[in-house]
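These are my notebook entries on a single protein model. I set down what I looked up, entry by entry.

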Amino acid sequence: MAWQCSGTSNAGLVETMWRNGVITQPAVKEAFLRVDRADYMPEGGASHAYQDSPQFIGLGATISAPHMHAYAAEVLLPLLTGAPLTPPPSPSSSSPPAKPPRRRRVLDVGSGSGYLTRLLAELAGDDAEVVGLEHIPGLVRLGERNTRKTPEGRRMLDAGRVRFRLGDGRAGCREPSGKEEEPAAAEDGSDGGAAGWDAIHVGAAAAVMHEPLVRQLRRPGRLFIPVGAAADSQFVWIVTKDARGEVTMEQSHAVRYVPLTDAAPEFLEN
C-alpha cells in the first residue's frame, strides 16, 4: 500500500505510512516525525515534499520515495540501535567478559539530498557517527546545506555525528573511527574493524554486488543494497554479517532506482 501513503504535511505523511504498515517500529516513526522531508526538497519542490514518490533533486539524482526510506530504516534498525540480531547466550562462569559497546558507524552511499542520512543519525543516537557518501561534489554540498537548515541538523554536523564525504560508493569508505582501543580491520577488511560499518545503506542500484561493501561490514553488520543492471530487474538485497563473520544474503522485493555508476562529466565540477 506504499503508493497510498502520501500526505499534506510531514506528520500526515508519517501517520499514513504508520497506518498502512509501511512503518511498524515506533522509533522509526519518531525519527520521521523529527525530520521534515520538505527541508530536503529542491528549490520550488516543497509542494511535492509529502508525496510518496521519488523526486528529482538535480545533478542526475533523486530523493527516493518515503516508503523506500522507511523500509530501509526498519531493515537497518537493529544495527543502528545496537540491538542483538540473535538472542544472547545464557551467562555462565566460563563466558568471556562482555566487551564495552563501541561507537556505532553508519554509511549512506548515494546520500543525495541528505534526508536519509539525517534520519539514520536520528535513529543511531548521540554516540554514533553517520557518513553520507556521494561521487558528485555538488551533492556533497547539497546534503550538508539541507542538513544545516535546522538547529538540530547544525548540531549534528558541528559535533561530527553527521558528515558528508566525496567518494566512489562502490568501493565503500575507509574512514578511521578515532577509537584507538578498537582493533584495526583485517588486511582484507573482512572483519570490518574500527574503520568498518555497523550498517550500510545504498541509495542507487548497483550493477553487481560490490564486495568491498560486504567486507567493510562489522561483525555484526547489515547492508541494504538494490542490485540490478536494468531498471526492470532490480531487487533489494539485505546482506547480514553475524558476530562470527558469516554472511547471509536475502533477496527482497523488486524496485526501480537510478544506477550506481560513474558521475557524468558535466557534474564533476570542482
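**Entry 1: H210**

I looked up H210 and found it buried, because its relative accessibility of 15% is under the 20% cut-off. H210 sits in the loop that runs between β6 (197–202) and α7 (211–215). Setting aside neighbours within four places in sequence, I recorded R170 and L260 as contacts of H210. I note here that the model is a predicted one.

**Entry 2: the whole chain**

I then turned to the overall counts. The protein has seven helices and nine strands. Of its 270 residues, 50% count as buried. I also looked at how contacts are spread along the sequence: among those between residues at least 6 apart, 59% join residues at least 24 apart.

**Entry 3: helix α4**

I asked which residues of α4 are buried. The residues are Y115, L116, T117, R118, L119, L120, A121, E122, L123 and A124. The helix α4 is thus mostly covered, with 10 of its 10 residues buried. After α4 comes G125, and I read a positive phi for G125, near 95 degrees.

**Entry 4: T150 and its link to α4**

One residue of α4, R118, is among the buried ones, and I followed its side chain to T150. The side chains of T150 and R118 are joined by a polar contact of 3.3 Å. T150 belongs to the loop between α5 (137–147) and α6 (151–159). Apart from neighbours within four places in sequence, T150 is in contact with D39 and R118.

**Entry 5: G132 in strand β4**

I next examined G132, which lies in strand β4. G132 is buried, because its relative accessibility is 0%, under the 20% limit. Which residues is G132 in contact with, leaving aside its neighbours within four places in sequence? I listed D108, S111, T117, R163, F164 and R165. T117 in that list is also one of the buried residues of α4. I took one C-alpha to C-alpha distance as well: G132 and G112 are 8.2 Å apart in space and 20 residues apart in sequence.

**Entry 6: the second largest pocket**

I looked up the second largest pocket and its lining. The space in the second largest pocket is about 470 Å³. Its lining is made up of 35 residues, and those nearest the centre of the pocket are A61, E134, H135, A204 and V258. The elements giving two or more residues to this lining are β2 (61–63), β3 (105–109), α4 (115–124) and β4 (129–134). Of these, β2 gives the largest share, three residues. By residue class, I read the lining of the second largest pocket as 16 nonpolar, 14 polar and five charged. Both α4 and β4, the subjects of earlier entries, are thus named among the contributors to this lining.

**Entry 7: backbone irregularities**

I searched the backbone for unusual values. Most residues other than glycine have a negative phi, and most peptide bonds are trans. L59 has a positive phi of about 55 degrees, although L59 is not a glycine. L59 is placed in the loop between β1 (55–58) and β2. Is L59 buried, partly exposed or exposed? L59 counts as partly exposed, because its relative accessible area of 29% falls between the 20% and 50% cut-offs.

The peptide bond leading from R219 to P220 is cis, and its omega is near 0 degrees. P220 has its place within strand β7 (residues 217–227).

**Entry 8: A229**

I followed β7 onward to A229, which is found in the loop between β7 and β8 (234–241). A229 is exposed, because its relative accessibility of 73% is over the 50% cut-off. I noted that A229 and P259 are 7.7 Å apart, C-alpha to C-alpha, with their positions 30 residues apart in sequence.

**Entry 9: cysteines**

I closed with the cysteines. A disulfide is a covalent bond between the sulfur atoms of two cysteines. My count for this model is zero disulfides, with the limit on the sulfur pair set at within 2.5 Å. C5 is buried, because its relative accessibility is 0% and the cut-off is 20%. C173 is also buried, because its relative accessible area of 10% is under that cut-off.

Definitions and conventions
Residues numbered from 1 in each chain as written. Predicted model: local features only at pLDDT ≥ 70, side-chain atom pairs only at ≥ 80, totals over all residues. Heavy atoms only, no water. Helix = DSSP H or I, 4+ residues; strand = E, 2+ residues; numbered from the N terminus. Polar contact = N/O pair within 3.5 Å; in protein donor to acceptor, adjacent residues only side chain to side chain. Contact = heavy atoms within 4.5 Å. 1 Å grid on protein atoms, 1.4 Å probe; cavity = no way out; pocket = protein on both sides within 12 Å on 5 of 7 lines; lining within 4 Å. Points joined across faces, edges and corners; volume = space filled by probe spheres on them. Nonpolar A, V, L, I, M, F, W, Y, C, P; charged D, E, K, R; others polar. Buried < 20%, exposed > 50% of the residue type's maximum accessible area, 1.4 Å probe, protein only.
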